[in-house]
Every structure is written in structure tokens, then in C-alpha cells.
Amino acid sequence: MLVVVGFVVVLLAVFGGFALQDGHLAALFQPYELLMIFGGALGAFVIANDRKALYLTWHSIPALFRGSRYTRALYMALMALLFDVLTKVRKEGLMSLERDVDHPEASALFAQYPLVAADPHLMEFITDYLRLMVSGTMDAFQVENLMDNEIETYLEDADIPVQAIHKLADGMPAFGIVAAVMGVVHTMGSVGKPPAELGALIAAALVGTFLGILLSYGLVAPLSSLLHRRHQEVAKALQCVKVTLLASMNGYAPAIAVEFGRKVISATERPTFAELEGHVRQLKAR
């Protein structure tokens, strides 16, 4: 929703300011200029990216128009889930988790936390490393190294659509210049026309440069920054799980291990110790 609001603010500020200066908005409507800018940029985008990048970019765009799922409520649920998991391990042993991690969709434990269960990245990360803990063949240092490598790989893959959209934005001003030059060429080829018609042709040519810059810095480039932020939020949640599980593997009690994970959460989403404790008690009371 905020993306749409931002787009509206940008367009209203630019076109509204132009109109308040007694500018003629109709002069800015140049569909052929838009065709050259969008068509050229799209073609260059396809040339510069392979199928993997195109696929990741296409599937990343819808997420930009939805709000962030990594809210305080999700982190509260995540911390409570990890506390329940580690408490179950302490009371019943690691083998008690075998059925939960093998079939998380049928697990009563995970079903209590629908916000976490609905996140495929978190669920896969949690169940994969709980499965390794159940196997008992890796120590905490090996698991930590593997977690770091997985998070790094995720960020590398996540950066592909970010860079693709960023380069698309970088190219749009250049294609705006191309459209403007083509307009100037058309104007020079029509030099025998009346001054009023020549003025309209020159205005149309200049609109190409204007649209290329506006579309780049006003609409497309901010999307790459937002997408980068969304992927960092996923990595932060994975980091939270990593710190909590490693603290448990190093012998800390569930409450202390969860506190390790809570400290990793960004300040804007981090629940206080009292909030988290009250949330856990409320869930137990159900």
C-alpha cells in the first residue's frame, strides 16, 4: 500500500507542480516517447539477465506491493515457537521432535503458530536445523558454519532481482535521451513546418528526457531499494533462529536461548522481555 501511496505522491508532486505553473499537461502525453523508453529498457533488461534472474525478478514484484510480514507479532510468535520447541527438547529429548520436523504441516506444535507456519523461508530453516540437531552428528560450530553459508547464499540469490531492477532504473534516463534525440531528428526533418508545429515537436522531444528521468528515479529505482530491504528482513529472521538454536546447542536453558535470539531482532520489531514472557504465558494458558 505504501508503494502505491509513494507513486501517487511522486506523480502528483511532479505533474501537479507543472500544472500549477500553467503548464499544459496534454503536452506531456507522448505515447511514442513512452514506447521507446519502455521498449528499449525492457529489451536491454532481457539481454542483461538470464532466465534465473528474469524468474526471480518477476516473482519478487508482487511482494513489493504487500506490507512486510516481519512485524512484532510475527517475532513474538517465532520466539514463542522456539521456546516451546526447546522446552520440549529439554523435557522429552531431541527425538521427540522427529515427527514434527519431518511433517511440519501435520505438527500440532507448529500449528499453534500460523504466522510462522505461513512463512516458507522460516519453516524450512527451522525444520532443517532441528532435523540436524535430532541426528546428533554435528556440533554447534559445524551447524553455525552451515547456517552462515545458507544465509549468505540466500542473500546472494536475493540480490539478483535487486540488481536487475536497479540496472533497469539506471538505463531509463539513457533511453529517455535516445527518445529525445529521435524527437530532435524528427523536428529537424520537419523544419519547413510553421513555428507552432515545430514548437510542439521540440516539446515532445524534450518530454523523452523528462520521462526517462522521472520513471527511473521516481518509480523504478525505489523498488530496488525496497526489495533489498525486504530480503534483509528475511535474513534477520533467519539470523534470529540461528542464534537461538546455537545457544540451545551450547547448553543454555530455553528461556536464555530465546533471549539470545530476541537481542538479534531489530529495535523497531523487538518485543521487550516482559512482553515476550507475557505472550508465552498467555499461549500456555490456552
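In this predicted model, Phe15 is a convenient place to start, and with a relative accessibility of 23% it counts as partly exposed, because the buried class is reserved for residues under 20%. Phe210 falls into the partly exposed class as well, at 26% relative accessibility. The two rings form an edge-to-face aromatic pair, with their centres 5.9 Å apart and an angle of 90 degrees between the planes. The pairing joins distant parts of the chain, since Phe15 belongs to helix α1 (residues 2–20) and Phe210 to helix α10, with their positions 195 residues apart in the numbering.

This pair is one of four aromatic pairs that the structure holds. Another of them is formed by Phe125 and Tyr129, whose rings are tilted at 55 degrees between the planes and lie 4.8 Å centre to centre. Here the partners are four residues apart, about one turn of the helix, and both lie in α8. Phe125 is buried, with a relative accessible area of 1%, and Tyr129 is buried too, at 2%.

From these buried rings one can turn to the nonpolar interior. The largest nonpolar core has 48 residues, and the members that touch the most others are Leu78, Val116, Leu122, Leu130 and Leu245. At least two residues of this core come from each of α4 (72–92), α6 (108–111), α8, α9, α10, α11 (254–264) and α12 (273–284), and the largest share, 13 residues, is supplied by α4. Leu122 shows how such a member is surrounded: once its neighbours within four places in sequence are left aside, Leu122 is in contact with Tyr70, Leu74, Leu78, Val116, Ala237, Leu238 and Val241. A second core, separate from this one, consists of 18 residues, among them Ala41, Ile165, Leu211 and Leu223.

The open spaces can be followed in a similar way. The largest pocket has a volume of about 740 Å³; it is lined by 27 residues, of which Tyr70, His121, Tyr154, His231 and Val234 are the closest to its centre. Two or more lining residues are given by each of α3 (51–64), α8 (120–135), α9 (140–188) and α10 (195–249), and α9 makes the largest contribution, with seven residues. In chemical class the lining is mixed, with 12 nonpolar, seven polar and eight charged residues.

The second largest pocket, with a volume of about 430 Å³, has a lining of 15 residues, and those nearest its centre are Leu42, Ile61, Ile165, Leu168 and Val220. The helices that each supply at least two residues to this lining are α2 (31–48), α3, α9 and α10. Its lining comprises 14 nonpolar residues and one polar residue, with no charged residues. Ile165 therefore appears in two parts of this account, as a residue near the centre of the second largest pocket and as a member of the 18-residue core, whose members are by definition buried.

Enclosed space remains to be considered. A search of the whole structure finds one cavity of 30 Å³ or more, and the largest cavity has a volume of about 50 Å³. Its lining consists of Tyr70, Tyr75, Arg229, Glu233, Lys236, Ser266 and Glu269, with α10 giving the most, three residues. By class, this lining has two nonpolar, one polar and four charged residues. Tyr70 links several of these descriptions, as it lines the largest cavity, is among the residues closest to the centre of the largest pocket, and is in contact with Leu122.

How values were computed. Residues are numbered from 1 along each chain as its sequence is written. This is a predicted model: local features need pLDDT of at least 70, side-chain atom pairs count only at pLDDT 80 or more; totals for chains, interfaces and linings use all residues. Side-chain values use heavy atoms; hydrogens and water are left out. On a 1 Å grid over the protein atoms alone, a cavity is a set of points where a 1.4 Å probe fits but cannot get out, and a pocket is an open set with protein on both sides within 12 Å along at least five of seven lines; lining residues have an atom within 4 Å of a point. Grid points are joined across faces, edges and corners, and a volume is the space filled by probe spheres set on the points. Ala, Val, Leu, Ile, Met, Phe, Trp, Tyr, Cys and Pro count as nonpolar, Asp, Glu, Lys and Arg as charged, and the others, Gly among them, as polar. A nonpolar core is a set of buried Ala, Val, Leu, Ile, Met, Phe, Trp, Tyr and Cys residues joined through side-chain atoms within 4.5 Å. Buried means under 20% relative accessible area, exposed over 50%, partly exposed in between (1.4 Å probe, protein chains only). Contact means heavy atoms within 4.5 Å. Rings of Phe, Tyr and Trp (its six-membered ring) pair if their centres lie within 6.5 Å; planes under 30 degrees apart count as stacked, over 60 as edge-to-face and the rest as tilted.
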